[in-house]
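Please open the model in your viewer with the backbone drawn as a cartoon, and keep the sequence panel beside it. The stops below each begin with something to select.

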Amino acid sequence: MAELKIVGLGGSLAEKSSSLAALRIALEGAASNGAPTELLDIRELDLPMYVPDLPEAVRRFNDTIYEADGLIWSSPLYHGTVSGAFKNALDWLNPLGRREPAYLTHKVIGLISVAGGTQGLQAVNTMEFCVRALRGWAVPLVLPIPRAARLRRGGQASRRGRKARAACPGSRSGPRRRSGGSCDDV
Ligand SMILES: Cc1cc2nc3c(=O)[nH]c(=O)nc-3n(C[C@H](O)[C@H](O)[C@H](O)COP(=O)(O)O)c2cc1C
């Protein structure tokens with residue numbers, strides 16, 4: 001059987017990125033099942049904001065994505081959706097519309113999001129819209145990873161994190177209303 005190449009796209013602009021760490025683990029899983037893999041780290045790609053002209057670096061990025069049989073996307077959850085940097089990378093797939101077949105036709109895409117809070121599925125849902133717009137197929141099993149900071153600390157929620165959660169409107173232990181701040185950002 002022919003080998004299926006899997007390309008991972010994701011991470012954040014942070015030096016230590018939990019969404020990149022999750023993506024690395026997923027790619028290791030693909031590699032251990034015999035697939036050749038390649039990682040496209042959003043921070044390393046250092047893509048400019050989308051403009052209609054195509055720089056050489058973006059052409060290579062496009063080629064790597066286009067040559068893959070399957071993709072794994074991993075974005076942090078930023079304000080209830082994917083990060084701007086991740087969305088910008090997807091916008092740079094626009095030139096693939098001129099190829100035959102166009103965009104991500106025939107490619108399957110696995111979806112991961114990593115959230116500070118508990119709402120990671122929102123980014124996965126946004127990614128699913130993008131997969132469809134780019135004519136790909138999202139795999140049914142998606143992976144929204146919640147409470148990234150707690151995971152980084154080996155399962156222990158920090159004092160600051162507990163305070164932030166308690167301050168969220170609707171939290172059982174916190175005030176019902178609070179101006180500013182984020183509910184999910186622990
Ligand atoms: C601008 C910004 C917005 C964020 N918005 C949310 C949010 O709406 N919900 C949430 O659960 N976490 C939110 N977070 C926390 C990130 O999802 C979390 O820290 C994640 O692990 C970051 O991924 P990274 O380590 O790959 O950078 C936000 C973080 C930033 C910097």
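Select Arg 135, which follows helix H5 and has a positive phi, near 70°; bear in mind, here and at every later stop, that this is a predicted model.

Now extend the selection back over H5 itself, residues 121–133. At 1.5 Å a residue, its 13 residues should span 18 Å, and because the C-alpha atoms at its two ends are 19 Å apart, the expected and modelled lengths agree. Within H5, colour Ala 123, Val 124, Thr 126, Met 127, Cys 130 and Val 131, which are the buried residues of this helix. If you look down the axis of H5, these buried residues fall within an arc of 160°, and so they line one face of the helix. An α-helix has 3.6 residues a turn, so residues three or four places apart point the same way. Turn to the face of H5 that points away from the buried side, and you will find the exposed residues Phe 129 and Ala 133 there.

What covers the buried residues of H5? To see part of the answer, show strands S3, S4 (81–82), S5, S6 (137–138) and S7 (143–145) together with helix H4, all of which are included in that cover.

Next, select Val 7, Leu 71, Ile 72, Trp 73, Ala 89, Ile 112 and Met 127, the residues with the most contacts inside the largest nonpolar core, which has 37 residues. Strands S1 (6–10), S3 (70–78) and S5 (108–114), along with helices H1 (18–32), H3 (56–67), H4 (84–91) and H5, each supply at least two residues of this core, and H5 gives the most to it, with five residues. Centre the view on Leu 71, and, leaving aside residues up to four places away in sequence, you will find that it touches Val 7, Leu 9, Ile 65, Lys 107 and Ile 109.

Move then to H1, where the buried residues are Ser 18, Ser 19, Leu 20, Ala 22, Leu 23 and Leu 27. The 15 residues of H1 should span 21 Å at 1.5 Å a residue, and its end C-alpha atoms are indeed 21 Å apart, which agrees. Just as at the earlier helix, look at what comes after H1: Gly 34 follows it, with a positive phi near 95°.

Finally, zoom out to the whole chain, which has seven helices and seven strands, running from the N terminus as β-α-β-α-α-β-β-α-β-α-β-β-α-α. Of its 186 residues, 33% count as buried, and among contacts between residues at least 6 apart in sequence, 72% join residues at least 24 apart.

Methods:
Residues numbered from 1 in each chain as written. Predicted model: local features only at pLDDT ≥ 70, side-chain atom pairs only at ≥ 80, totals over all residues. Core = buried A, V, L, I, M, F, W, Y, C linked by C-beta atoms within 7 Å. Buried ≥ 20, exposed ≤ 12 C-beta atoms within 10 Å, placed from the backbone. Helix = DSSP H or I, 4+ residues; strand = E, 2+ residues; numbered from the N terminus. Contact = placed C-beta atoms within 7 Å. Expected span 1.5 Å × (residues − 1). Arc of directions from axis to C-beta.
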